[in-house]
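Before reading on, please take a moment to look over the chain from one end to the other. The paragraphs below then lead through a few of its parts.

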Amino acid sequence: MELQRTVNAGILRLSHETGIPLIATNDSHYTYAEDAEPHDILLCIQTGKKVTDTDRMRYEGGQYYLKSEEEMRELFRYAPEAIENTSRIAERCNVEIEFGNYKLPVFAVPDGETADAYLRKLCYEGIERRYPGCLHTEDGGKSRYGMDLRARLEYELKTIETMGFVDYFLIVSDFIGYAKRHGIPVGPGRGSAAGSIVAYSLEITNIDPVRYNLLFERFLNPERVSMPDIDVDFCYERRQEVIDYVIRKYGKDNVAQIITFGTLAARGVVRDVGRVLDLPYAMCDQIARQIPNELGITLDKALQMSPDLKKSYDSDEKIRYLIDMSRRLEGLPRHSSMHAAGVLITRDRVDRFVPLSRNADGTIVTQFTMTTLEELGLLKMDFLGLRTLTVIRSATDQIRRNHGVSIDIDRIDYADPAVYRMISKGDTMGVFQLESAGMTAFMKELKPESIDDIIAGLALYRPGPMDFIPRYIEGKENRDAVHYECPELEPILSPTYGCIVYQEQVMQIVQSLAGYTLGRADLVRRAMSKKKHTVMQKERYNFVYGNADEGVRGCIANGIDERTANHIFDEMTDFASYAFNKSHAAAYAVVSYQTAWLKYYYPAEFMAALMTSVMDNTPKASEYIQTCRSMGIRMMPPDINEGDYGFTAVRPSGKTSDPGVSSKGTILYGLTAIKGVGRTVVGDIVQERERGGPFKDLEDFIMRMPQSVNRKAIEGFIKAGAFDSLPGNRRQKLYMMYELLDEAAVRRKSDIAGQITLFDIADQTDKGSFKKALPNVKEFDREELLAFEKEAAGIYLSGHPMDMYMDSMRKIVTAWSYDYKADETTGLCHMTEGTVVISAGIIVERKLKITKNNRQMAFLTVEDIYGQIEVLVFPDVFERARELTDPDRRVYITGKVTINRDENASLIAERICDIEDTRKELWIACSDKADYDRKAQAVEDFCFEHQGRVPVVIYLRREKAAKKLGRDLQVTTDTATLEALREICGEENVKVRVLGL
């Protein structure tokens, strides 16, 4: 640049005049010269621009790469001393990064104790609590518990001491103990730590490793030193309290949050680059959909796996350029943020170990990610917030309040057949890890009968292991057909019907059949899972033939023939790539069962707690609301005199005849579900309610809550139905509230000024005459009431605009909104790309876009009773169905499924029709011919008055005969018409039968 040359000349002159030495640098933004173009595209992605935009940030000239010494000397021929000075500075830079040396914080033990002795003391006290009497028998509890527990505890303690992780266990035990002492729910465990009897004794985990046959070596391997990794689940509402405790204990300068990076993944980077290059949306979308929907897919793999993608790449220059640029950017950081759970704890100031940065919200975070911190030997802990723990705590609190029962969730019956029957029926909505559509279908097929079946289900239902589900179910249903290649396999594989499901089983097979130690067996398991072919080739030989030098006996020496041993090794290799950590599956299966148990025995309290936990997630809350209704749980609007901040199960009165009570329970909406109403406001309302008694009417509420609740909140309360239990309808209250608010403001000013009003000096009898009379106006109609509820709460409270169409929708719709969501367990959508489906709903939003051909297309948000669906309407379809895409239209949409970058699905519309445009018949039932003869004239007159396009069919119950009336007697089937006809013929005698689209 000309400007740079001028500046450089000035710097040279300045150096000569002042004697200050020169250095030469180059502004580097990418590594290689050929990266200039992809860097420019990346810059556009970051700034939301297109490469064709003229007014945007850019680095012109292509010289911003990392230049070699020769290039720099050529550029600065006129200042060789600057190059030499730069070299001198580089030589002075001497950073030594130490690996393999752990830098754990030191845990402060009581005076007179060493860390080793203190850990041992805590473990021996804990194991006696966990396994009463095990220390007082000669065999260490083996006769009672099937294992010498004392010997296992000693083995684990010695391993922990030898590996230098005593302080690690004390630190973790300490903050978990703090949480439990302060009533903060802690998960039963996660990951491989549940295999440790030390962790169980210290109450770090709550899963009995003996009962579930879990292995310590899967957690800590004495033959391969690596930092233990104990991730802990806490109640998500109180997780921060535990982090705050750690900060207080170790010092705020010694604790920091950890950075994480979002990266450009295969599908997403293609769409991003396509947008930046201003390529047609449809073309980029098509290319992205040709990339296989697999976990960890890359563009290079996709080109090998997808013939359509390879064909597009080879035949179209634009597509080739799009994919090539995407390949250069794939995997690069898209943005940085704070890790949701990761916390770094150091023995000294954090900045003495790692560089720090300030996050967008001002939080100080490490500049190194978790994996780098672990490589540096620093202590990284995951303080995970698990919503389900909060749900369990909230549910048990409501159960205690409503039923007077205190439930210890860890001591419920884990072998209750009724709970397993509920799961087997697919009634799993809200059940931890089991509620997705795919998992629900799997549970119906699996029909679990024990916690072990749930453990296996969680391990199998994920990409890869899913391929072995049919084999597992076949073995479960026909146990006589399960075949073991050698007797030694039966005790290991019989719990999983001959299938290798868990990583621990691979380790046990290697140990039992070939004589490996469990530590060495875990190394083999790791090599298999990571497909380390050289290691596997060596270990195959050792497994089959043995290796005396390395202490491996081998299968042949144990009486297993060469062919069988090789086949077993092949089977292990196939399964090891997918086999799951049983310790983690066992811990989460316990939580799954706990939520299922609560749902079965206390459905209202459980569902209330569940909905409270997702109040900020409107689609999920709507889904759970529909689940409650299908379960027979009555849903009631929020109530200013009964409600709390969250959803509340109503205390049963014992009077099931009460119209406000359901035998399955009744739930009040939470007051904070109303927009603009926070916990503070609700807290003030509850406090005033407890102090002064229930609110008598709207005027009483406004006069008693003059400062805490503003005009907008009161309007929201009225529209959401929170004042329905007080005199008057919603329209009356909306009309009246402004006058009452103005009067309250005047009274408040008088109070401040010390003035006395007539109201103040009147007695209670006279005060009644000051009451404002409700205006004489009718209630809003149902559609208006629902619209107000949606406006105030974000969801429909007393119903849904689509409720009246549910009978027909159930016959026609093939994909509901929840079907479009990615599975929470696998992260993948169970719908298939390109599948033709029918969905229905009310259009809540429409965004129009002009294509490059100057044609209009639309992006619709369509809402059914469970949630929302994103629908793309391309120009051809939009031109045919423009008027049907207006907001508030109720429609059926036929189209093709497309999988998005976040693995959720959306719908590409091929046909849109009005919800009323279905083939249907109106059936009128009569008890017999005589009954019809009496009603015939009234029915025919009615049909003439309400002519439409729906055929009428008369059905005679006694004769079991049906007759379709003539075309001149066809009718409409709107709500008003049906209600009028039901008054003539009876509610139960008029039905609309939907035949299809």
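What follows deals with confidence, then with a set of strands, and then with a pocket.

This is a predicted model, and the chain averages a pLDDT of 88, with 96% of the residues scoring at least 70. Over residues 654–662, however, pLDDT stays under 50, and the model has 12 contacts beyond four places in sequence for this stretch. Where pLDDT is low, the predicted coordinates should not be read in detail.

Turning to the strands, we can begin with strand S11, which spans residues 856–863 and is mostly covered, since 6 of its 8 residues are buried. Strand S10, residues 836–850, pairs with S11 in the antiparallel sense over 8 bridges, and one such partnership joins Lys 849 to Met 857 in S11. These two strands form a hairpin with 5 residues between them, and in the turn Asn 854 has a positive phi of about 65°. S11 also pairs with strand S12, residues 868–873, in the antiparallel sense over 6 bridges, with Ile 869 in S12 as the bridge partner of Val 862. S11 and S12 likewise form a hairpin, with 4 residues between them.

Where, finally, do the residues that line the largest pocket come from? Helices H5 (115–130), H8 (166–181), H17 (387–403) and H27 (582–601) each supply at least two of them, and the largest share, 6 residues, comes from H17. The pocket has a volume of about 1,100 Å³ and is lined by 34 residues, of which Asn 206, Asp 408, Ile 409, Asp 410 and Gln 594 lie nearest its centre. By type, the lining of the largest pocket divides into 16 nonpolar, 6 polar and 12 charged residues.

Terms used:
Residues numbered from 1 in each chain as written. Predicted model: local features only at pLDDT ≥ 70, side-chain atom pairs only at ≥ 80, totals over all residues. Heavy atoms only, no water. pLDDT = per-residue confidence, 0-100. Contact = heavy atoms within 4.5 Å. Buried < 20%, exposed > 50% of the residue type's maximum accessible area, 1.4 Å probe, protein only. Pairing = 2+ DSSP bridges. 1 Å grid on protein atoms, 1.4 Å probe; cavity = no way out; pocket = protein on both sides within 12 Å on 5 of 7 lines; lining within 4 Å. Points joined across faces, edges and corners; volume = space filled by probe spheres on them. Nonpolar A, V, L, I, M, F, W, Y, C, P; charged D, E, K, R; others polar.
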